[in-house]
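The following paragraphs lead through one structure, taking its elements in turn and looking at how each is placed among its neighbours. Please keep the sequence and the 3D view at hand while reading.

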Amino acid sequence: LGRFIAFALWRGIRIDALLSPFMFRLILDPSSRATHEDLREVDPKLHANLHMMLTCEPAMIEDTFCQSFCIDTEFLGARNTYDLIDGGSEIPVTGANVSQFVHLYVQHVLYIFSAKALTSFLAGFHSLIPPWKVNGFTTNEFEAIMCGQPEISDLDVEQLRAASHCSLDPNGRPHSQVLWFWQMMRALSQDQRSMVLQFVTGNERPPLTGFQALEYPFTV
């Protein structure tokens, strides 16, 4: 999968890679570590629960949550408990160590439990595009290069209009309906523009190489 995504990026093919912010950071810097905020996109409920622990009155944490330094998992009906540190099941989470607990918990959920798959993904990606070629980008810039801009700006609408074909009246001018269409496009919300773009190009974000590079130009 990592090699496939790298090949698409190398060829300038924009793809809908639904990767978390942490995954984008790992591609740019394999030494990156997960943070509590990275959970917001992956598991909002778990993020909220851990946030509740972090913001709880320190003196109340141990009695309120009754949590130790371990993590419970369930897979196909089989439950397992993993210690976050040696003897973790015997160490209660208190106001003094709750930050350490959350840090270790996040590392296990987002990285350690999936370390083998993540390592394989990164090895495949970096076999085509080494880290030094991409580590100058921010995560937002890299996501925009790989997946396209998250928003469709007024300029994108104008570029789509300029690259499109339209039917003309006997005087060689666009029909009124064509002009109405582009007026409507300018007035649409971001979600509505994305739906139109999905219908036009098969993708909800602008193409990496611009609308002029579309194999089949949009025709109104």
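Which residue in strand 2 does C70 stand opposite? In this model, which is predicted, C70 faces D83 of strand 2, and E74 stands opposite R79 in that strand. These two pairs belong to the antiparallel pairing of strand 1, residues 70-75, with strand 2, residues 78-83, which extends over six bridges. Two residues lie between the strands of this hairpin, and L76 there takes a positive phi near 55 degrees. As background to reading the hairpin, side chains in a regular strand alternate between the two faces of the sheet.

Going back along the chain from strand 1, one comes to the loop that joins helix 5, residues 61-65, to strand 1, and this is where C66 is placed. The backbone of C66 has a positive phi of about 45 degrees, although C66 is not a glycine. With a relative accessible area of 65%, C66 is exposed, whereas C56 is buried, its relative accessible area being 16%.

What, then, of the sulfur atoms of these cysteines? A disulfide is a covalent bond between the sulfur atoms of two cysteines, and a search of the whole structure finds zero of them. The cysteine sulfur closest to that of C56 is in C66, and because the two are 11 Å apart they are too far from each other for a bond. Seen from the other side, the closest cysteine sulfur to that of C66 is the one in C56, at the same 11 Å, and the conclusion is again that no bond can be drawn, since the separation is too far.

Helix 4, residues 44-55, can be examined first by its span and then by its faces. Its twelve residues should span 16 Å at 1.5 Å a residue, and the C-alpha atoms at its ends are indeed 16 Å apart, which agrees. Within helix 4, L46, H47, L50 and M53 are buried. Viewed down the axis of helix 4, the buried residues fall within an arc of 120 degrees, so they line one face of the helix. An α-helix has 3.6 residues a turn, so residues three or four places apart point the same way. The buried residues of helix 4 pack against helix 3, residues 39-42, and also against helix 5 and helix 6, while P44, K45 and T55 are exposed on the other side of helix 4.

Helix 6, residues 98-110, contains H108, which counts as buried because its relative accessibility is 10%. A polar atom of the H108 side chain lies 2.9 Å from the backbone oxygen of L104. Apart from neighbours within four places in sequence, H108 is in contact with D83, L84 and F113; among these, D83 is the strand 2 residue that stands opposite C70, and this contact leads back to the hairpin.

Further along the chain, S167 is found in the loop between helix 9, residues 154-163, and helix 10, residues 176-187. Is S167 buried, partly exposed or exposed? Its relative accessibility of 36% is the reason why S167 counts as partly exposed. Not counting residues up to four places away in sequence, S167 touches R173, P174, H175, V178 and V220. The C-alpha atoms of S167 and Q177 are 9.6 Å apart, with ten residues separating the two along the chain.

The last element to consider is helix 11, residues 190-201, whose twelve residues reach 16 Å from the first C-alpha to the last, close to the 16 Å expected at 1.5 Å a residue. In helix 11 the buried residues are R193, S194, V196, L197 and V200. Down the axis of helix 11, these buried residues fall within an arc of 165 degrees, so they line one face of the helix. Helix 9 and helix 10 are the elements against which the buried residues of helix 11 pack, and the face turned away from that buried side carries the exposed residues D191, M195 and F199. Just after helix 11, G202 takes a positive phi of about 85 degrees.

Key. Residues are numbered from 1 along each chain as its sequence is written. This is a predicted model: local features need pLDDT of at least 70, side-chain atom pairs count only at pLDDT 80 or more; totals for chains, interfaces and linings use all residues. Side-chain values use heavy atoms; hydrogens and water are left out. Two strands pair if DSSP finds at least two bridges between them. Helices (H or I, at least four residues) and strands (E, at least two) are DSSP runs, numbered from the N terminus. Buried means under 20% relative accessible area, exposed over 50%, partly exposed in between (1.4 Å probe, protein chains only). Contact means heavy atoms within 4.5 Å. The expected span of a helix is 1.5 Å times one less than its number of residues. The arc is that of the directions from the helix axis to the C-beta atoms. A polar contact is a pair of N or O atoms within 3.5 Å; within protein, one must be able to donate a hydrogen and the other to accept it, and residues adjacent in sequence count only if both atoms are side-chain atoms. A disulfide is a pair of cysteine sulfur atoms within 2.5 Å.
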